[in-house]
Amino acid sequence: MTDTLDIKIEKVDNTRLSVTDFSQLPFGKVFTDHMFTADFENGEWKNLQILPYGPIPMSPAISALHYGQAIFEGLKAYRQPDGKISVFRADKNFERFNKSAARMSMPTIPEEIFMQGLAALISIDEKWVPSQDDYALYVRPVMFATDPYLGVKASDTYKFALLTTPTGPYYSNALKVKIETEFTRADEGGVGFAKTAGNYARSLYPFEQAKKEGFDQLIWTDSVNHEFIEEAGTANLIFVINGKLVTPSVRSTVLDGVTRDTIIKLATADGIEVEERRVSVKEVIEGIENGSLTEAFAAGTAATVTHIGEIGYLGKNYKLTDPSTRKISNGIAKKLNNIRYGLATDEFGWNWIL
Ligand SMILES: *Cc1c(COP(=O)(O)O)cnc(C)c1O
């Protein structure tokens, strides 16, 4: 990292900590006292500041609202046994943020602004990082186009912000998911690999349809023939087939998840064979039927490892194994959490201790 940047700091008069109930933390609704922002103008990032969390004044004509030039990230900070705070694999989120930016014709953000902004914000709101088991501070970096101009063109000005929100344990039963064969999330040549707003907007309607049919989540398939499994839309998918970890390879239509990458590295180090390749719907359904597919889970920052209990495909439901019997995914989830919370050796150097 380079020189220490000049970040203007304006603190709140009164913290909201004492009026925040840490036993009631719906995901993404409770924000810490402060936020970090920076502005891109005349070809450079400026106005680095930490200020009270709150509304940002803006023109109703900003291009982010009309044409969707907006990207985001999601990462977490964890309280360590010695009271220090560790941010997990922030370098990966930084890299992916700039990949998303490049695809959306947005300026990249310099590493020192991303990292120093993150460290400064978390330090100021240090008391907001929960200490209870399975809690964490979720960090949401976001960048959006701010030109007040209705023409369709890449904006000249942008705002970058870091928001932080404490989150509780993500207790979730095994998911009932539907393999989607009508709608698509992403297509070749599109923006599926970018964490950009429109990818989520287009998924809402199909998701609501699936909810009405009694499903918790969708499994997206390729946009050409709906023949191959892609991902879950906010999480990547990993299967255990014949004792091997099998996961759809990342491509232009599949987001390159940090959790997925982390699990691949942990499994490989544990001597579990990993296959990153195209995974067909047929293989998954047949695997459930003949018993060779023993585990299936979604992997993402928010939920870590979420078991899949049942898969719906073309109107038929297929039940998977009892999640409590799944040795490989439960073992990896435990190991991953132990590293994040500083309870196991961080062999890979993933923890950034602030
Ligand atoms: C964020 C996200 C994931 C999971 O990525 P992580 O880096 O593991 O949190 C997977 N798919 C999509 C579409 C996502 O937006």
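Aspartate 261 is placed in helix 5, which spans residues 258-269. In this predicted model, aspartate 261 has a relative accessible area of 13%. That value is under 20%, so the residue counts as buried. Beyond its neighbours within four places in sequence, aspartate 261 is in contact with Arg89 and Lys92.

The chain is divided into two domains. Domain 1 covers residues 8-168, and domain 2 covers residues 175-340. Their centres, taken over C-alpha atoms, are separated by 27 Å. Domain 1 gives 20 residues to the contact, and domain 2 gives 21 residues.

The ligand has 15 residues around it. Lys195, Tyr200, Glu231, Thr259 and Thr301 come nearest. By residue class, the shell holds four nonpolar, seven polar and four charged residues. Three side chains were examined for polar atoms close to ligand atoms. For lysine 195, a polar side-chain atom lies 2.7 Å from an oxygen atom of the ligand. Threonine 259 also faces a ligand oxygen atom, with an N or O atom of its side chain at 2.6 Å. Glutamate 231 pairs with a nitrogen atom of the ligand instead, and its polar side-chain atom lies 2.5 Å away. On its own, the ligand has 380 Å² of accessible area, and the protein covers 96% of this.

Threonine 165 belongs to strand 8, residues 158-167. Its relative accessible area is 2%. The residue is therefore buried, as the limit is under 20%. Its side chain reaches the backbone oxygen of valine 30 at 2.7 Å. Contacts of threonine 165 beyond four places in sequence fall on two stretches of the chain. One includes Gly28, Lys29, Val30, Phe31 and Thr32. The other includes Ala136, Leu137 and Tyr138.

Arginine 140 sits in strand 7, residues 136-145. With a relative accessible area of 26%, arginine 140 is partly exposed, because the value lies between 20% and 50%. Its side chain reaches the backbone oxygen of glutamate 73 at 2.8 Å. Glu73 is also among the residues that arginine 140 touches beyond four places in sequence, together with Phe72, Ala161, Leu162 and Leu163. Leucine 75 is 65 residues away from arginine 140 in sequence. In space, the two C-alpha atoms are 6.9 Å apart.

Two residues other than glycine were noted for a positive phi. Serine 105 has a phi near 55°. Serine 105 lies in the loop between helix 2 (90-103) and helix 3 (111-124). At 46% relative accessibility, serine 105 is partly exposed, since this value is not over 50%. Aspartate 134 has a positive phi of about 70° and is not a glycine. The loop that holds aspartate 134 runs between helix 3 and strand 7. Its relative accessibility is 38%, so aspartate 134 also counts as partly exposed.

Conventions. Residues are numbered from 1 along each chain as its sequence is written. This is a predicted model: local features need pLDDT of at least 70, side-chain atom pairs count only at pLDDT 80 or more; totals for chains, interfaces and linings use all residues. Side-chain values use heavy atoms; hydrogens and water are left out. Helices (H or I, at least four residues) and strands (E, at least two) are DSSP runs, numbered from the N terminus. Buried means under 20% relative accessible area, exposed over 50%, partly exposed in between (1.4 Å probe, protein chains only). A polar contact is a pair of N or O atoms within 3.5 Å; within protein, one must be able to donate a hydrogen and the other to accept it, and residues adjacent in sequence count only if both atoms are side-chain atoms. Contact means heavy atoms within 4.5 Å. A residue is near a molecule or strand if one of its heavy atoms lies within 4 Å of it. Accessible areas come from the Shrake-Rupley method with a 1.4 Å probe; for residues, only the protein chains shown count as cover. Ala, Val, Leu, Ile, Met, Phe, Trp, Tyr, Cys and Pro count as nonpolar, Asp, Glu, Lys and Arg as charged, and the others, Gly among them, as polar. Domain bounds come from an automatic or database domain assignment.
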